[in-house]
Amino acid sequence: QVSCRSTEETTSFSFLLLCICPGPVQKMPPSQRRVLIIGGSFAGLCVARDLKNHFLVTIVDAKEFFEYTPGVLRAYVKPKHLDALTFTLYPVIEGRMGCKFIWGEVTELNGADRTATVMPMFAD
């Protein structure tokens, strides 16, 4: 069991922290296995897409939008092109992908306790 603590509320999650705890998670039934992905850019979205059929996936990102940074310079020349370079993460992650999105920051990871502390944006 891993608990995810936020400044708003404390919620209990069972996360597989792939980077910190690569050990097997055979103890939990497949329907309860969870993965916490930090970052909703290219790698985070690809990992979420690949794992969403096997785990309950939660993505935490400090930005509420995706931005294709290499193309931003083109937007200076063609401002209308900016819409093709950015999109809001929430409807894509929760609507199309079927994963959970938290707009916030992971302030602490504890591999031994398998905990993640998440501070949501605009928390008191």
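User: Looking at this predicted model, what makes you say strand β5 is largely enclosed by the rest of the structure?

Analyst: It's a residue count. Strand β5 covers residues 56-61, and 5 of those 6 residues are buried, so the strand is largely enclosed. Buried here means under 20% relative accessible area.

User: Why is β4 said to pair with β5?

Analyst: Pairing takes at least two bridges, and β4 (residues 34-38) has 5 bridges to β5, so the pair qualifies. The two strands run parallel. One of the bridges puts Ile37 opposite Ile59 in β5. Between the two strands, the chain passes through helix α1 (residues 42-51), making a right-handed β-α-β crossover.

User: And how do you know that β5 pairs with β8?

Analyst: Same test: at least two bridges are needed, and 4 bridges join β5 to β8 (residues 100-110), so that pair counts too. These strands also run parallel. For instance, Asp61 has Trp103 in β8 as its bridge partner.

User: Why is Lys52 called partly exposed?

Analyst: Lys52, in the loop between α1 and β5, has a relative accessible area of 31%. Buried would need under 20% and exposed over 50%, so 31% makes Lys52 partly exposed.

User: What makes the Lys52 and Met97 pair a polar contact?

Analyst: The cut-off is 3.5 Å. A polar atom of the Lys52 side chain lies 3.4 Å from the backbone oxygen of Met97, so the pair falls within that limit.

User: Which other residues does Lys52 touch, leaving out those up to four places away in sequence?

Analyst: Besides Met97, Lys52 touches Val57, Arg96 and Cys99. Lys52 and Cys99 are 47 residues apart along the chain, yet their C-alpha atoms are separated by 6.9 Å.

How values were computed. Residues numbered from 1 in each chain as written. Predicted model: local features only at pLDDT ≥ 70, side-chain atom pairs only at ≥ 80, totals over all residues. Heavy atoms only, no water. Buried < 20%, exposed > 50% of the residue type's maximum accessible area, 1.4 Å probe, protein only. Right-handed = clockwise from strand over helix to strand, strands pointing away. Contact = heavy atoms within 4.5 Å. Polar contact = N/O pair within 3.5 Å; in protein donor to acceptor, adjacent residues only side chain to side chain.
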